[in-house]
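Notebook open, structure loaded. I want to see how this one is put together before I go back to the bench.

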Amino acid sequence: MDFENRYIDELIAIREEARECKNYNLSDKIRNYLDSKHIFIFDSANQQIVYHRKKGSRQDLIKEIKKEQRAEKLFYAWLYSINKTTKTPHHENF
């Protein structure tokens with residue numbers, strides 16, 4: 001039995017509770033431990049976002065997320081421009 005992996009979800013829950021109690025020292029220690037296991041937690045205002053990875057660092061993941069966000073923005077800009085150019089003006093004279 002893999003003891004470390006068995007309790008990952010518990011550690012994530014304990015970390016969330018530590019943050020809610022403003023115990024940032026414990027929260028940071030748990031986050032750093034999880035980072036070493038390629039489990040990366042990012043905090044938003046209302047929740048934790050957890051990424052389980054097989055390899056790579058936190059910085060690698062951040063670069064990948066930023067790349068995906070740029071690609072998504074470019075896609076939506078392209079989609080918007082296509083929608084604007086394919087719409088023809090409505091003329092009642094025709």
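Before I list any neighbours: I call two residues in contact when heavy atoms of theirs lie within 4.5 Å. This is a predicted model, and I read everything below with that in mind.

**Entry 1: I39 and its neighbours**

I started with I39. Leaving out residues up to four places away in sequence, I39 touches I8, I12, L34, V50, Y51 and H52.

**Entry 2: overall layout**

I then stepped back to the whole chain. I find 4 helices and 2 strands in the protein. Read from the N terminus, their order is α-α-α-β-β-α. Of the 94 residues, 16% are buried. The exposed area comes to about 8,100 Å², and carbon and sulfur atoms supply 53% of that. I also looked at contacts with a separation of 6 or more: 25% of them are between residues 24 or more positions apart.

**Entry 3: the core**

Which residues make up the largest nonpolar core? I get 6 residues: I8, I12, I30, L34, I39 and I41. At least two residues of this core come from each of α2 (8-20), α3 (24-36) and β1 (39-43).

I picked L34 for a closer look, a residue of helix α3. L34 has 0% relative accessibility, so I log it as buried. Beyond four places in sequence, L34 touches I8, L11, I12, I39 and I41. I checked the spacing to I12 too: L34 and I12 are 22 residues apart in sequence, while their C-alpha atoms are 8.5 Å apart.

**Entry 4: helix α3**

Does the length of α3 agree or disagree with what 1.5 Å a residue predicts? The 13 residues of α3 should span 18 Å, and the end C-alpha atoms are 18 Å apart, so the two agree.

Next I asked which residues of α3 are buried. They are S27, I30, L34 and D35. Looking down the axis of α3, I see these buried residues fall within an arc of 140°, so they line one face of the helix. On the other side of α3, N25 and K29 are exposed. The buried residues of α3 pack against α2, β1 and α4 (58-86).

One backbone note: H38, just after α3, takes a positive phi of about 65°.

**Entry 5: D35**

D35 is on my list of buried α3 residues, and I wanted to know why it made the cut. Its relative accessibility is 17%, and buried means under 20%, so D35 counts as buried. D35 touches F40 and R58, again not counting residues up to four places away in sequence.

**Entry 6: R19**

Last, I went to R19, which sits in helix α2. At 30% relative accessibility, R19 counts as partly exposed, because that label covers the range between under 20% and over 50%.

What does R19 touch, not counting residues up to four places away in sequence? I find Y24, S27 and D43. The side chains of R19 and D43 are joined by a polar contact of 3.3 Å. Along the sequence R19 and D43 are 24 residues apart, and C-alpha to C-alpha they are 9.5 Å apart.

**Entry 7: to keep for later**

I'm marking two spots to revisit: the I39 contacts, V50, Y51 and H52 among them, and the R19 and D43 side-chain contact at 3.3 Å.

Conventions: Residues are numbered from 1 along each chain as its sequence is written. This is a predicted model: local features need pLDDT of at least 70, side-chain atom pairs count only at pLDDT 80 or more; totals for chains, interfaces and linings use all residues. Side-chain values use heavy atoms; hydrogens and water are left out. Buried means under 20% relative accessible area, exposed over 50%, partly exposed in between (1.4 Å probe, protein chains only). Accessible areas come from the Shrake-Rupley method with a 1.4 Å probe; for residues, only the protein chains shown count as cover. A nonpolar core is a set of buried Ala, Val, Leu, Ile, Met, Phe, Trp, Tyr and Cys residues joined through side-chain atoms within 4.5 Å. A polar contact is a pair of N or O atoms within 3.5 Å; within protein, one must be able to donate a hydrogen and the other to accept it, and residues adjacent in sequence count only if both atoms are side-chain atoms. The expected span of a helix is 1.5 Å times one less than its number of residues. The arc is that of the directions from the helix axis to the C-beta atoms.
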